[in-house]
Amino acid sequence: MLLVQKEKAFLNICSELHITAKKILPEHGERKISELLMLPECSSAQENSESDFPEVLVFSGFSDTELDRFLAAYKEQGLQPIALKAVATPFNMNWTLKALLTELEKEHRQLNR
C-alpha cells in the first residue's frame with residue numbers, strides 16, 4: 001500500500017511539472033534503455049508484487065534546471081529517497097535495464113562506503 005501512495009505522489013509531481021512518467025517493470029530487465037523510453041506514459045499508480053526489484057529513476061531530456069526542479073519537488077513531498085538514479089545518455093542508451101541497474105548499484109555501494 002505504501003508503494004502505491006508513493007507512486008501516486010510521484011505521479012502528481014510529474015503532472016504538476018508537466019513531466020511524462022513511464023513505469024519500468026522487472027520484466028523489462030533485458031530491454032535497452034532506448035526501448036524503455038518508448039513505453040507508454042504511466043498515468044495511474046498500480047500495486048507491484050515484485051518487492052525485490054529496485055526503485056530506479058531514469059531521466060531523459062531534462063535540462064539541469066528541470067532536473068533540479070523535479071528533485072526539489074520530490075524532496076518537498078517528503079517521499080522516501082530513491083537511491084538509484086541515472087540520466088539517459090548516448091553512452092548508456094544501448095545498455096539493458098539490467099546492465100544499468102548493475103552499474104548503478106555498484107556506484108551506490110562505492111559512494112556509501
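**Salt bridges and a β-α-β unit**

Glu 55 counts as partly exposed, with a relative accessibility of 35%. This is a residue of a predicted model, and it makes a convenient starting point for a look at the charged pairs. The side chain of Glu 55 meets that of Lys 6 in a salt bridge, with 2.9 Å from N to O. Lys 6 belongs to helix α1 (residues 2-16), whereas Glu 55 sits in the loop between α2 (33-36) and β1, so this pair ties together parts that are 49 residues apart in sequence. The two partners fall into separate accessibility classes: Lys 6 is buried, at a relative accessible area of 12%, while Glu 55 is partly exposed. For Lys 6, the assignment follows because the cut-off for buried is under 20% relative accessible area.

The structure holds 4 salt bridges in total, and the Lys 6 pair is one of them. Another links Glu 7 with Lys 23, where the closest N and O atoms are 2.6 Å apart. Here Glu 7 lies in helix α1 and Lys 23 in the loop between α1 and α2, so parts 16 residues apart in sequence are tied together. Glu 7 counts as buried, at 13% relative accessibility. A further salt bridge is formed by Glu 35 and Arg 31, with 3.6 Å between the closest N and O atoms. Both partners are partly exposed: Glu 35 has a relative accessible area of 34%, and Arg 31 has a relative accessibility of 31%. As general background, side chains of opposite charge can pair when their charged atoms come close.

Attention now turns to the strands. Strand β1 (residues 56-59) and strand β2 run parallel and are joined by 4 bridges. Within this pairing, Phe 59 stands opposite Val 87 of β2. Helix α3 (residues 64-76) completes the arrangement, as β1, α3 and β2 make a right-handed β-α-β unit. Side chains alternate along β2, which spans residues 84-87. Leu 84 and Ala 86 point to one face and are buried, while Lys 85 and Val 87 point to the other face and are not buried. Val 87, the residue opposite Phe 59, thus belongs to the face of β2 whose side chains are not buried.

How confident is the prediction, and where is confidence lowest and highest? The protein chain averages a pLDDT of 89, and 90% of the residues score at least 70. Confidence is lowest in α1, at a mean of 89, and highest in α3, at 95. Helix α1 is also the element that contains Lys 6 and Glu 7, and α3 is part of the β-α-β unit.

Key: Residues numbered from 1 in each chain as written. Predicted model: local features only at pLDDT ≥ 70, side-chain atom pairs only at ≥ 80, totals over all residues. Heavy atoms only, no water. Buried < 20%, exposed > 50% of the residue type's maximum accessible area, 1.4 Å probe, protein only. Helix = DSSP H or I, 4+ residues; strand = E, 2+ residues; numbered from the N terminus. Pairing = 2+ DSSP bridges. Right-handed = clockwise from strand over helix to strand, strands pointing away. pLDDT = per-residue confidence, 0-100.
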